[in-house]
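Here are a few short exercises to work through with the model open beside you. Take them in order and try each one before you read its solution.

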Amino acid sequence: METKSPLCHPSQEDKSFLHLVEGPINDISINNINGGAFVEFKGIIRADLVKGQTVSHIDYEVYFPVAESILNQIEQEVLEKFQLRACRIFHSYGMVKVGECSLLVQVVSKHRKEAFKACSEIVDRIKGEAPVWKQEFYTNQTYQWVHCNH
Amino acid sequence: MNIYTVLFFGASKEITKSSKISFESKSNDLTGLKSDLYKEFIELSDSVNAIAVNQQIVQENVPLKDGDEIAFMPPFSGG
């Protein structure tokens with residue numbers, strides 16, 4: 001583990017991103033659901049114990065224009081594939097503390113099965129396709145970059 | 001000689017000690033640029049999992065021109 005990150009985020013020239021949120025994601029209501037099924041997934045930062053150190057927060061680094069484009073593409077493709085009534089993705093960048101939300105996926109469909117499948121597929125695709133990197137910080141001020149395999 | 005804007009993310013920028021550099025190279029394609037860059041930063045090739053040229057992720061060699069933006073990206077870990 002390193003002791004201090006010497007590097008900051010790349011400059012963000014355009015802040016008008018629809019899917020990327022600075023810091024933790026608060027509850028976002030979805031209007032005009034026109035149901036049947038509304039499935040929501042929230043990714044919450046865990047206080048994992050890593051090599052004897054407890055996670056305090058995660059700093060998310062994002063390749064902004066590419067991440068925004070890919071999240072939008074995932075949203076549109078899953079919307080069409082499962083014939084959803086609505087689909088929204090929000091991902092954090094910057095610092096998110098333990099217990100806070102860093103990923104929010106909301107799906108509305110006519111029936112529950114498509115909604116569950118669509119939500120699961122979106123989360124899997126985000127992890128595999130979106131240029132986002134986790135820098136995990138611990139309570140003793142050390143950190144490491146996380147390589148996800150789940 | 002071409003000058004490329006090269007971006008690094010995550011663990012890759014720990015190797016280069018920078019998130020953005022201007023890199024001079026005679027190469028006119030991605031394969032050549034990678035070769036030149038990996039000579040400068042020997043450990044970089046092990047950490048890179050995806051490359052984007054002008055904000056488009058590419059899977060194979062593509063031609064490059066002076067001023068292009070090339071991003072070297074380690075495995076993604078979002079979510």
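**Exercise 1. Work out what share of chain B is buried.**
Start with the cut-off: a residue is buried if 20 or more other C-beta atoms, placed from the backbone, lie within 10 Å of its own. By that rule, 30% of the 79 residues of chain B are buried. Keep in mind that this is a predicted model, where local features need pLDDT of at least 70, side-chain atom pairs count only at pLDDT 80 or more, and totals for chains, interfaces and linings use all residues. Residues are numbered from 1 along each chain as its sequence is written, while chains are lettered from A and ligands numbered from 1 in the order in which they are written.

**Exercise 2. List the helices and strands of chain B in sequence order.**
Helices (H or I, at least four residues) and strands (E, at least two) are DSSP runs, numbered from the N terminus. Chain B contains 3 helices and 5 strands. Along the sequence they follow β-α-β-α-α-β-β-β.

**Exercise 3. Find the strand order of the sheet and its edges.**
Two strands pair if DSSP finds at least two bridges between them. In chain B, the open sheet of 5 strands has the order β2-β1-β5-β3-β4, with mixed pairing. Its edge strands are β2 (20–25) and β4 (56–58) of chain B, each pairing on one side only. Now look inside the sheet: β3 (residues 50–53) and β5 (residues 69–73) of chain B run antiparallel, joined by 4 bridges. Here B:Ala52 stands opposite B:Ala71 in β5(B).

Definitions and conventions
A residue is buried if 20 or more other C-beta atoms lie within 10 Å of its own, exposed if 12 or fewer, and partly exposed in between; C-beta atoms are placed from the backbone.
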